[in-house]
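This report describes one protein chain through its aromatic contacts, its strand pairing and its nonpolar cores. Please consult the sequence and coordinates alongside the text.

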Amino acid sequence: FAFVNDTTIYLFTVTDVNDTFDVLLQGTLPPQDEYTFTSVDGAYNFTWIPMSTQTVSIQFLATDSSGTSTLLHLLVRLCACHRELNATCTDGSGDPGESKFLMQSCSCGSGYGGTFCDVDVDGCNDIDCFPGVECTDNPAPLTGAKCGDCPNGTVTRNDSCEDVNECKSNATNDCEQNCANNLGSFSCSCNAGYTLNQDSKSCDDINECDDTSRCHQTCNNTV
């Protein structure tokens with residue numbers, strides 16, 4: 001592998017007991033990449049620091065005194081995985097084809113994701129907190145997330161919130177007549193012929209006889 005932002009060294013030799021060679025670096029390297037190409041007595045050293053994930057082509061053309069040439073096209077498997085976050089590159093499988101270049105995929109460490117394993121995975125995507133309760137992601141390398149405290153009108157069971165049905169017991173509601181359970185609370189209502197008072201709990205009988213238009217003679221209100 002060659003690693004982005006890290007030094008990679010390629011060593012090779014060109015020999016012919018009866019001749020000498022001129023070796024030229026060819027191909028395509030991004031302008032921001034850093035590299036050197038040196039030789040000592042037929043031993044060649046190409047030192048390269050890739051600075052991006054751009055496709056590269058690294059070739060060396062060796063030509064002898066008669067003009068006969070041989071081309072060496074390096075196979076480059078480039079890795080940009082964030083190894084400082086415990087990411088690893090794949091084992092080098094895959095066919096780079098004629099380009100001789102292959103961008104390796106990454107296996108991410110705990111709590112990280114993304115193409116190059118530099119994204120903190122949001123654990124809140126995998127849990128459902130109770131409505132209205134805030135979810136807090138555990139920062140990588142930790143995984144998962146935590147839900148906030150359960151709101152009033154709920155109880156905590158098995159790390160989750162459950163709504164309390166206040167209407168099941170007179171001890172948890174003070175409705176005079178009818179009780180309707182709501183998420184985290186309850187509401188009161190009255191039977192037909194009654195009206196709910198301002199306290200939203202007690203009921204008063206509606207005196208239908210107050211409406212004089214309903215009877216031609218005598219009106220008797222009943223409860």
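Which residues form one aromatic cluster? The cluster consists of Tyr10, Phe12, Tyr35, Phe37, Tyr44, Phe46 and Phe60. The model is a predicted one.

## Aromatic pairs and the cluster

The structure contains nine aromatic pairs. In one of them, Phe12 and Phe37 are stacked, with 6.3 Å centre to centre and 20° between the planes. This pair links distant parts of the chain, since Phe12 belongs to strand β2 (residues 8-13) and Phe37 to strand β4 (residues 34-40), 25 residues apart. Phe12 is buried, at a relative accessible area of 14%, whereas Phe37 counts as partly exposed at 25% relative accessibility.

Phe12 also pairs with Tyr44: the ring centres are 5.3 Å apart and the planes lie at 10°, so this pair is stacked. Because Phe12 lies in strand β2 and Tyr44 in strand β5 (residues 43-49), the pair ties together parts that are 32 residues apart in sequence. Is Tyr44 buried or exposed? Tyr44 has a relative accessible area of 9%; because buried means under 20%, Tyr44 is buried.

## A charge over a ring

A further aromatic ring, that of Phe3, has a charged partner: Arg83 lies over the face of Phe3, at 3.7 Å from the ring centre.

## The three-stranded sheet

What is the order of strands in the open sheet of three strands? The order is β3-β6-β7, and the pairing is antiparallel. Strands β3 (21-28) and β7 stand at the edges with a single partner strand each, so one side of each has no neighbour in the sheet. On average, neighbouring strands of this sheet are turned by 20° against each other, direction ignored.

Strands β3 and β6 pair over eight bridges in the antiparallel sense. One bridge partner of Gln26 is Gln59 in β6, and Gln59 in turn has His73 as its bridge partner in β7. Strand β6 (residues 57-64) is joined to strand β7 (residues 69-73) by five bridges, and these two strands run antiparallel. Further along this pairing, Ala62 has Thr70 as its bridge partner in β7, and Thr63 stands opposite Ser69 in β7.

Strands β6 and β7 form a hairpin with four residues between them. Within the turn, Gly67 has a positive phi of about 90°.

## Nonpolar cores

Which residues have the most contacts inside the largest nonpolar core? They are Trp48, Ile58 and Val76, in a core of 19 residues. The elements giving two or more residues to this core are β2, β5, β6 and β8 (76-79). In soluble globular proteins, nonpolar side chains tend to be buried together.

Beyond its neighbours within four places in sequence, Ile58 is in contact with Leu25, Gln26, Leu29, Phe46, Trp48, Leu72, His73, Leu74 and Val76. Two of the residues with the most contacts inside the core, Trp48 and Val76, are thus in contact with Ile58. Phe46, a member of the aromatic cluster, is also in contact with Ile58.

Why is β6 largely enclosed by the rest of the structure? Six of the eight residues of β6 are buried, so the strand is largely enclosed. Apart from the largest core lies another core, of six residues, among them Cys79, Cys81, Ala87 and Cys117.

Note on methods:
Residues numbered from 1 in each chain as written. Predicted model: local features only at pLDDT ≥ 70, side-chain atom pairs only at ≥ 80, totals over all residues. Heavy atoms only, no water. Phe/Tyr/Trp six-rings, centres within 6.5 Å; stacked < 30°, edge-to-face > 60°. Buried < 20%, exposed > 50% of the residue type's maximum accessible area, 1.4 Å probe, protein only. Lys NZ or Arg CZ within 6 Å of the ring centre and 35° of its normal. Pairing = 2+ DSSP bridges. Axes fitted to C-alpha atoms, helices over the stretch in contact; angles between N-to-C directions. Core = buried A, V, L, I, M, F, W, Y, C linked by side-chain atoms within 4.5 Å. Contact = heavy atoms within 4.5 Å.
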